[in-house]
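Biologist: I should like to learn how to read a structure of this kind, one feature at a time. May we begin with a single residue and then move outward?

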Amino acid sequence: MAAKEKSVTKKARLLFEISDHWSYTDSSKAIQFLNEAKALSNKNDFLQALAVYYEAGIYFDHDIERSQMLYMQSVRLLEPFNTPEANEYKARVWHNYAVLDQLKGKDKSFLDITLKYCIPYAQESGNKELLSAYLSDVGMIFHNHKAYDKSIDYYQQAIDVLSTEENNGEHLMNAYINMSQSLLYQDDLVKAKEALNKAQSFLKHLPESKFAAFFYIVKSIYHRAANEPDSSLASINEGIIRATKLNADYDLLRLHYEKYQLYKLQGNLQAAKEELESLLDNKKYEGLTKNRLSFLIELADTHNALGNYQRAYELLEEHRVLNDSVYAENIRSQIANMEAQYRMSEKEKEILNLQNKRKIEYMLLWSSIAFIALLSSIFIYALKQRKKRSQQQVLSLEQQREIEVSKALMKGEEQERLRLARDLHDGLGGMITGIKMKLDAKTRLMGDEDLLKIVGQLDTVLTELRRTARNLIPENLMKYGLEDALRDFCQSVNTDETQISFYCNDLSDITDKNIQLILYHIMLELVNNATRHAEATNILLQCTLEDGLLLIDVEDNGKGFDVDTTKRNMGLNNIEMRVKYLEGKMTIDSRAGKGTTITIECEL
């Protein structure tokens, strides 16, 4: 009996592996083999947990939400098991879930999950290759956020894990390449070269490695930093050969951009211009809007340096147009205001009709009392009821009108912020940039020190202008969503004197950008009030979204105030107007010297 069960288990595992193989190319075949494995797994709880894990993998590339749901189901099914194999699967499940979060733009979620689940489970499993890979993932996240000390620390941990293992050359090579890259960003050329040399020792035995092109990218950066242009160019050309052979399109883009950087450093502006133009003309990279925007600015600077001022201006205009296409259409604020005025007019007519109707009812009532005395009590009772209903209707209409007005004003205000921010950043900013470039060119020709100071002042003006535009419409809100924008804001306000604690659940269900912006400004204003007016040293900001109900709580230990007698400031009035727009309610609990607690509830 035991032998039969062992045979069934072995067959089910084999079918899981076959299903996983087909999941990358043929979902129907993957599901077919998975169903066969499930049929053999009915009496084995562990195999059932694995079945859900492999099913999630089938939907990984084309149905993120379903895949993540299945991964969470697999986590629950694996929880009772504490073997090394079970812990390895737990690590893999959480890693795949985190990767899907990263595809949604949630880098911080990816980092949190990797540190909290993937690395501990990988340690318990004893799979050092897996542990090293997760440590490298953390290193890359810190590198991307320019925390190079932390990234180097995690790369070193990844290397230490594998240093005593065999047959892990490719993973060690990748860790050394990544470490070298972070060291280069710290201008530590000596240690960067040492890491590169160790990576190269592995590459000699792994010439077809998928990390080969990446190695030559970092090597070219090293030679460029070491002022060795010929070696840098040779590394770039070798990397292009490797990347072409591997069909690594993004590595090819980075290598050609490295070549541009090298030509620019050498003063070979014509060659630098040609490299950028080839990247912009390559249809493979048309979807990389962020890269294209960067290339257009670089190419405009290059043309300006070559004296092609007209072409530089045209490229800046192309950059502006492309940047505009990323944002929503304008004019909506004007339409919203016109619609609000129309609705206000209609509501006023309804209120007037109800008031006239009430007057007529009074007249009929009193004339009826003169003729029918016995029925006076009935008529009086009816009058009171009808009056009450009419007043309720009038009050309801007035409240509805106030809500409509608030909605129109808020929508117009937020859209005006968007338009003003875009006009400042792209319109006025672009004009100032053009003026600066022309003035810079004149300054170089004339060698005038006073003009050079003016160019520096224009740089300061441009920086301040862009900061103002970012404050109107936060870039991280538009790119990464409400939760990340709030967390970044709290971190930016956090000081030694004022500690801000921020807690929230997943706010990703709030997808309307206008509502995200309103909520962002509500919580920004709440925190600013606590720091500026309440002089608080500890602030707690919490927001939760559950079943469509949004709860926001802000508590501080500031000086507090008398809610009934204190005159409201502009910030608090703005918060109340935004809450009214969301048809929510706000309560304030505060006493002098006892701090303040503000609670907001909204149905979204």
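**Reading the model**

Modeller: H143 is buried, because its relative accessible area is 10% and buried means under 20%, exposed over 50% and partly exposed in between (1.4 Å probe, protein chains only). This is a predicted model, in which local features need pLDDT of at least 70 and side-chain atom pairs count only at pLDDT 80 or more, while totals for chains, interfaces and linings use all residues. Residues are numbered from 1 along each chain as its sequence is written, and side-chain values use heavy atoms, with hydrogens and water left out.

Biologist: Where does H143 lie, and with which residues is H143 in contact?

Modeller: Helices (H or I, at least four residues) and strands (E, at least two) are DSSP runs, numbered from the N terminus. H143 belongs to helix α7 (residues 128–144). Contact means heavy atoms within 4.5 Å. Leaving aside neighbours within four places in sequence, the contacts of H143 are Y148, S151, Y155, Q181, S182 and Y185.

Biologist: How many helices and strands are in the chain, and how are the strands ordered in the sheet?

Modeller: Strands of a sheet pair through backbone hydrogen bonds, either parallel or antiparallel. Here, two strands pair if DSSP finds at least two bridges between them. The chain has 23 helices and five strands. The five strands form an open sheet with mixed pairing, in the order β1-β2-β3-β5-β4. At its edges are β1 (499–504) and β4 (585–590), each of which pairs on one side only.

Biologist: How many bridges join β1 to β2?

Modeller: Six bridges join β1 to β2 (residues 538–546), and the two run parallel. Within this pair, F502 stands opposite L541 in β2. Helix α21 (residues 482–493) packs on the sheet and touches β1 and β2, its direction making about 170° with that of β1. Such angles run from 0 to 180 degrees between N-to-C directions, with axes fitted to C-alpha atoms, for helices over the stretch in contact. Helix α23 (residues 570–581) lies across β4 and β5 (596–603), at about 145° to β4.

Biologist: Is M446 buried or exposed?

Modeller: M446, in helix α18 (residues 376–446), counts as exposed because its relative accessibility is 57%.

Biologist: What share of the residues of the chain counts as buried?

Modeller: Of the 604 residues, 42% count as buried. Among contacts between residues at least 6 apart in sequence, 62% join residues at least 24 apart.
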